[in-house]
Amino acid sequence: MASRFDWVDLSSLPSPTDLRHSLEDLANLALDRTLRLAVTGLRQGGKTVFITAVVHHLLTARELPFLAAVQEGRFLGAKLLPPRPGDLPGFPLAEARAALAAPEPCWPAPTDRLSSLRLQLRFTAKGALRRRLAEHRSLTVEIIDYPGEWLLDLPLLDQSYEAWSSATLEAAQKPPRSRLANEWLGFVADLNPAGPGRAEDAAKAAALFGAYLRSCQEEEGLSHLPPGRFTMPGELAGSDLLQFCPLPPGDAPSGSLRALMAARYRDYCASVVRPFYQDHFTRFDRQIVLVDLLSALNRGPACFADTERALGTVLQSFRFGPSNRLLRLFRPRIETLLFAATKADHVAHNQHHNLRLLLERLVAEAAGNARFEGVQPAFVALAAHKSTDMVRTEHQGQVLSCVRGLLKGENRETVLFPGEIPPDFPAEEDWRDNRFRFRDFAPRRLVLHGAEQPQHIRLDQALEALLGDRLQ
Ligand SMILES: Nc1nc2c(ncn2[C@@H]2O[C@H](COP(=O)(O)OP(=O)(O)OP(=O)(O)O)[C@@H](O)[C@H]2O)c(=O)[nH]1
Ligand SMILES: [Mg+2]
């Protein structure tokens, strides 16, 4: 990891404007006025909804009773800062918020590009109210949003073409992937990898490989499907950079198909993955990892194991450790880590404890690595945008904790007993009995001002864990 370390290299800055911004950034970091928050999660894990809800509630300063600065009356407000020249495009907050607040609300579409936002928070220093001082301070929180698929690319930077090929081919030969890999593997088996590298063979093999990855995602719900641009190409749709696929190990004489594929893989890593990683993933101070455990449980043991593996691999790309002002400037590390089980509103409150315990089990290795580096991770079950209520019903003399909401795709309010979450990895009979059938809900309409009911679950507790100490 050390080789990827990103020193602040002023000499490489291209323009005076960029230089001025970088110096401003450095000054803000040195004065502890900026915090870079990593919102990490696999595809459909809840990143965009989380960012939208966080920004909405901070902008309105409502429904955040567990954020100490709010509770103590020290939170003055928040403001979105405009993007500066050279910044990523702005996070589509207005669209996401309008979609949730519409008469027929809908969830945001899957993210297909990078975006960023800067939110400035104003607060009174702790103790200043007592001392009758108007000591106002500010903290700028920086967040980026991106397609979850692209996260799976980060580990490729440490993998050779040969290692990636072997791992990908091995996985493709086992269930549940094998039934989807036949056409691609059949085409590759008829090629001679040591023979001449013809562009049309590479293009056909890459297209079949891409179709295989997409069907693993759509039909099996798998996540560990690098390279991420094959399933979510963004601006690279149709690009030559995506014309490669894994091949079995063997000789790679110059000009051969194997040499061509290996060169294209290296090109992809160098010109797509490395800039994505270095420009956006090396400078975080704090991190929230959002995990959709319920979908993973729904999809069965292979998908559950795939989620565990995907998260474990991805989290190896982040650097953890206690930080201070100087380190933050020159050697940024994640000093606060929060794991969150998302969409907790899909189950009744009495299941949240188990949801949190299961999350702890799923990410045990990554959490252990962070502890080893001196960072104590925290765990929470949350819903960034609560779309159900809890109701109790009686069934055959038993009181059941149920949820009530509008099922996704079915335009009717339903009360259902969502079932129970195991506190540990499900036993074999749990999978056999098909016990997990958590349903997705359509969003409740976001009330922009003065909601009668809380519109999230523990979003404020998550914010307190991530930012609380910097709002003192
Ligand atoms: N009930 C409920 N559903 C949620 C919540 N957050 C997210 N979801 C569901 O999860 C889906 C994905 O959420 P997103 O925030 O778009 O996920 P993402 O991580 O940004 O996904 P990508 O952009 O594909 O990487 C949404 O369309 C909702 O169906 C929540 O707080 N409550
Ligand atoms: Mg998204």
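This passage describes the ligand sites, the helix around them, the nonpolar cores and some backbone features of a predicted model.

The magnesium ion (ligand 2) has two protein donors, the OG1 atoms of Thr48 and Thr111. These donors lie 2.0 to 2.1 Å from the ion. Thr48 belongs to helix α2 (residues 47-60), whereas Thr111 sits in the loop between α4 (93-101) and β3 (115-124), so the pair ties together parts that are 63 residues apart in sequence. Both Thr48 and Thr111 are buried.

Ligand 1 is surrounded by 20 residues. The closest are Lys47, Thr48, Val49, Gly148 and Asp345. Thr48 is thus one of the closest residues to ligand 1 and also a donor to the magnesium ion. Several polar pairs involve oxygen atoms of ligand 1. A polar side-chain atom of Lys47 is 2.8 Å from one oxygen atom of the ligand. A polar backbone atom of Gln44 lies 2.9 Å from an oxygen atom of ligand 1. For His385, a polar backbone atom is likewise 2.9 Å from a ligand oxygen. On its own, ligand 1 has 650 Å² of accessible area, and the protein covers 97% of this.

Gln44 also stands out in its backbone. This residue is located in the loop between β1 (34-41) and α2. Its phi is positive, at about 60 degrees, although Gln44 is not a glycine. Most residues other than glycine have a negative phi. With a relative accessible area of 43%, Gln44 is partly exposed. Glu63 has a positive phi as well, near 60 degrees. Glu63 is in the loop between α2 and α3 (68-71). Its relative accessible area is 19%, under the 20% limit, so Glu63 counts as buried.

Helix α2 carries further buried residues. Thr52 is part of this helix. Its relative accessibility is 1%, which makes Thr52 buried. A polar atom of the Thr52 side chain lies 2.6 Å from the backbone oxygen of Thr48. Thr48 therefore takes part in the magnesium site through OG1, while its backbone oxygen faces the pair with Thr52. Beyond its neighbours within four places in sequence, Thr52 is in contact with Phe91, Leu93, Ala96, Arg97 and Leu100.

His56 is another residue of helix α2. At 2% relative accessibility, His56 is buried. Outside the four places on either side in sequence, its contacts are Arg97, Leu446, Val447 and Leu448. Arg97 is thus in contact with both Thr52 and His56. Leu448 is 392 residues from His56 along the chain. The C-alpha atoms of the two residues are nevertheless separated by 8.3 Å.

The largest nonpolar core has 85 residues. Trp184, Phe281, Phe318 and Phe339 touch the most other members. Helix α10 (residues 257-280) gives the most to this core, with 10 residues. Phe339 shows how such a residue is packed. Not counting residues up to four places away in sequence, Phe339 touches Val289, Leu315, Leu359, Val363, Ala366, Ala367, Pro377, Ala378, Phe379 and Val380. A second core, of 37 residues, is separate. Its members include Leu67, Leu290, Ala462 and Leu463.

Arg179 is located in helix α7. Leaving aside neighbours within four places in sequence, its contacts are Glu219 and Glu220. Both contacts involve polar side-chain pairs. The side chains of Arg179 and Glu219 make a polar contact of 3.3 Å. For Arg179 and Glu220, the side-chain polar contact is 3.0 Å. Arg179 and Ala462 are 283 residues apart along the chain, and their C-alpha atoms are separated by 41 Å.

Two cis peptide bonds complete the description. Most peptide bonds are trans. The bond from Pro175 to Pro176 is cis, with omega near 5 degrees. Pro176 is in the loop between α6 (161-172) and α7 (178-189). The bond from Pro226 to Pro227 is also cis, with omega near 0 degrees. Pro227 is found in the loop between α8 (199-220) and α9 (228-231).

Methods:
Residues numbered from 1 in each chain as written. Chains lettered and ligands numbered in written order. Predicted model: local features only at pLDDT ≥ 70, side-chain atom pairs only at ≥ 80, totals over all residues. Heavy atoms only, no water. Donors = N, O, S within 2.8 Å, 3.2 Å for Na, K, Ca; no water. Helix = DSSP H or I, 4+ residues; strand = E, 2+ residues; numbered from the N terminus. Buried < 20%, exposed > 50% of the residue type's maximum accessible area, 1.4 Å probe, protein only. Contact = heavy atoms within 4.5 Å. Core = buried A, V, L, I, M, F, W, Y, C linked by side-chain atoms within 4.5 Å. Polar contact = N/O pair within 3.5 Å; in protein donor to acceptor, adjacent residues only side chain to side chain. Near = heavy atom within 4 Å. Areas by Shrake-Rupley, 256 points an atom, 1.4 Å probe, with all protein chains shown as cover.
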